[in-house]
Amino acid sequence: MPPRFCAIAAAALCIVVRLPAQRIPKTWDDAALATSQLKPPIAGASIKPVPASYYYKTKERVLYRVHPVYSSKTEPPGYLDKLAQTEPELTFNESNLKTDQDWIAAGREVFRYPVNTGPASETIPLFRGVLERCGVPPAKDGTYPQLGIIVPRKGVVLAGFLSCATCHTRIQPDGSVIEGAQGSLPDTILGFPPELEKARTFQLALYRVPWLKSDPINRVRTMSVEEISAVKAAIPLGVVARHGSSLFTPVQIPDLIGVRDRKYLDHTGLMRQRDIGDLMRYAALNAGTPPAGMDMFADYSGFVPIETISDGAENTLPAPETVERFSDAQLYALAKFIYSLTPPANPNHSSPLIQRGEKVFAQEGCPRCHTPPLYTSNRLTLAIGFTPPPEDSRSPDILRISVGTDPDLTMKTRRGTGYYKVPSLKGVWYRGMFGHSGWCATLEDWFDPRRLRNDYVPTGFKPFGARTYAVRGHPFGLDLSREDRAALIAFLKTL
Ligand code: HEC
Ligand code: HEC
């Protein structure tokens with residue numbers, strides 16, 4: 001290389017190295033929040049997030065190193081005692097984060113951070129026991145990435161869950177781990193207070209929908225603790241009764257790989273994703289502040305869920321200094337990590353069957369909604385019985401048809417909007433439990449026309465107490481010949 005060119009190259013390198021500091025969006029920007037959420041499907045109902053003045057008085061979380069939780073067979077002897085001898089180690093230091101890679105690595109720590117912990121000697125046997133009983137295998141290295149241990153002071157070893165990884169990490173049957181994918185999590189691990197009155201109040205805080213005349217969650221007012229446990233135990237792996245959905249209408253855990261390309265978040269499209277700031281807002285609203293996220297502090301037509309379960313005076317928010325959350329920098333790192341996620345190598349390669357399946361996909365009109373290359377049009381469809389308000393009717397994002405699936409999640413929960421979004425079909429080869437409540441364990445079941453019959457026994461979720469259940473709607477691909485169906489499924493497994 002001639003010397004002059006070399007000097008220019010070196011100067012260019014200098015410019016690259018001296019990147020401006022990362023501009024971190026403000027998470028709780030009142031104006032951005034006000035326009036980020038879609039409205040409930042009932043006229044007059046409203047959701048008002050807690051104001052920024054409150055949010056920024058809550059405590060920023062200090063992050064300690066996350067140590068692994070081992071399965072009972074692989075835990076090294078004396079593991080917890082050794083951890084008790086270690087000094088606390090802080091992991092998140094914004095001033096050390098220079099490159100994108102630094103931010104992504106720091107974001108991974110946030111993703112794995114257990115925000116709900118208790119003494120390790122008590123919580124580990126408890127959580128591990130649930131995973132073992134429900135047949136969730138540990139990862140190949142003998143750990144459970146859904147759980148984590150922190151040492152906030154020498155001698156204090158805490159273990160727990162409710163990290164993003166708890167629900168958004170998939171362990172395949174061979175023990176391989178897919179970070180960000182639909183988690184293999186039993187709902188029962190999420191637990192609830194064991195005393196009857198508290199158990200009921202807790203369910204009402206998570207799921208009450210104040211604008212409904214007849215709210216399905218009112219059923220818990222007469223249920224016993226055992227009955228509530230039984231409802232949770234009947235929910236299949238990969239589906240959870242997320243707060244704001246319903247104990248009786250749980251929701252499929254979505255795959256976060258590729259989430260950057262999605263215009264709307266949640267099956268109901270509740271939250272817009274216009275930029276990385278909206279993903280940070282989604283994370284703060286939905287997680288990071290036990291028992292859930294800051295949406296529990298929002299005012300739902302006069303009902304503020306957190307006020308019904310916090311220890312403070314009635315009808316007041318908990319004192320902000322008692323509430324912990326992630327900092328803006330931590331959420332920014334988390335969002336960058338989520339945007340960096342990539343799928344595992346797909347083992348399904350081209351074959352004559354797959355080529356035939358691609359043709360079936362086109363002939364059946366699937367690309368109209370599951371449009372390549374994202375395999376979603378990023379549009380919203382109408383739930384049965386929903387008429388969009390006039391202000392929505394001009395939106396190009398709204399497809400004025402209904403695919404006819406069960407309307408309850410979007411008509412009768414706090415996450416409801418009246419819409420269901422068109423999900424991306426990418427990654428269907430490594431996940432399971434299809435449909436917004438995960439009624440069908442496999443693609444074969446999703447495309448089985450018998451699922452429309454009243455005597456059908458779903459392989460995934462069915463309403464509590466039902467022996468049989470018709471998995472309604474989404475009639476596409478149901479009247480294919482055996483060969484075409486097999487070809488279509490083979491093609492979908494390449495995406
Ligand atoms: C208790 C389980 C659980 C935990 C913990 C959890 N999530 Fe989720 N997450 C879900 C479920 C279930 C949904 C689907 C909700 C819906 O569609 O209504 C979801 C939806 C999402 C979505 C929307 C994706 C899409 O395509 O619609 C994002 C983004 C997300 N979660 C990020 C996070 C992050 C970041 C964290 C940690 C700060 C986190 N989640 C913690 C269960 C969980
Ligand atoms: C009119 C729009 C539309 C058309 C056409 C359509 N889909 Fe869908 N698809 C949807 C919507 C909306 C959902 C989510 C429904 C729900 O869960 O309530 C969905 C869900 C799915 C799912 C489940 C995904 C998951 O993660 O749970 C699969 C698989 C699927 N579609 C495949 C297909 C195939 C293959 C075709 C063509 C034979 C097709 N779809 C045609 C709109 C459409």
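The iron atom of ligand 2 occupies an octahedral site in this predicted model, with angles of 88 to 180° among its 6 donor atoms. The protein donors are H370 and H474, each through NE2, lying 2.0 Å from the iron. H370 belongs to the loop between α12 (352-363) and β14 (380-382) and H474 to the loop between α14 and α15, so the pair ties together parts that are 104 residues apart in sequence. The iron atom of ligand 1, by contrast, has H168 (NE2) as its only protein donor, at 2.1 Å.

**Surroundings of ligand 2**

- The shell around ligand 2 comprises 26 residues, and the closest are C366, C369, H370, H436 and H474.
- By class, this shell divides into 14 nonpolar, 9 polar and 3 charged residues.
- Two helices, α14 (443-446) and α15 (482-492), each supply at least two residues of the shell.
- The side chain of T405 places an N or O atom 2.7 Å from an oxygen atom of ligand 2.
- For the side chain of R431, the corresponding distance from an N or O atom to an oxygen atom of ligand 2 is 2.8 Å.
- G435 approaches through its backbone, with an N or O atom 2.8 Å from an oxygen atom of ligand 2.
- Both iron-binding histidines count as buried because their relative accessible areas, 10% for H370 and 13% for H474, fall under the 20% cut-off.

**Surroundings of ligand 1**

- Ligand 1 is surrounded by 25 residues, of which C164, C167, H168, D266 and H267 come nearest.
- H168, the protein donor of the iron atom, is found in helix α7 (residues 164-168).
- A polar side-chain atom of H168 also lies 2.9 Å from a nitrogen atom of ligand 1.
- A polar backbone atom of D266 is 2.6 Å from an oxygen atom of ligand 1, and a polar side-chain atom of H267 is 2.6 Å from an oxygen atom of the ligand.
- Two or more residues of the shell come from each of α7, β9 (251-252), α10 (276-286) and α11 (328-340).
- The shell around ligand 1 contains 16 nonpolar, 4 polar and 5 charged residues.

**Backbone features**

- Most residues other than glycine have a negative phi, and most peptide bonds are trans.
- A cis peptide bond, with omega of about 5°, joins P290 and P291; P291 is in the loop between α10 and β12 (299-300).
- P372 and P373 are likewise joined by a cis peptide bond with omega of about 5°, and P373 is found in the loop between α12 and β14.
- Y375, in the loop between α12 and β14, has a positive phi of about 60° although it is not a glycine.
- Y375 is buried, with a relative accessible area of 12%.
- L162 has a positive phi of about 65° although it is not a glycine, and it lies in the loop between β5 (156-161) and α7.

**Overall chain**

- The chain has 15 helices and 16 strands.
- Its radius of gyration is 24 Å, which agrees with the value near 23 Å that a compact globule of 495 residues would have.
- Taken along the principal axes, the C-alpha atoms fill a box of roughly 75 × 60 × 55 Å.
- Of the 495 residues of the chain, 53% count as buried.

Note on methods:
Residues numbered from 1 in each chain as written. Chains lettered and ligands numbered in written order. Predicted model: local features only at pLDDT ≥ 70, side-chain atom pairs only at ≥ 80, totals over all residues. Heavy atoms only, no water. Near = heavy atom within 4 Å. Polar contact = N/O pair within 3.5 Å; in protein donor to acceptor, adjacent residues only side chain to side chain. Helix = DSSP H or I, 4+ residues; strand = E, 2+ residues; numbered from the N terminus. Nonpolar A, V, L, I, M, F, W, Y, C, P; charged D, E, K, R; others polar. Donors = N, O, S within 2.8 Å, 3.2 Å for Na, K, Ca; no water. Tetrahedral: all angles 85-135°; square planar, octahedral: opposite > 155°, others 65-115°. Buried < 20%, exposed > 50% of the residue type's maximum accessible area, 1.4 Å probe, protein only. Rg over C-alpha atoms; globule rule 2.2 N^0.38 Å.
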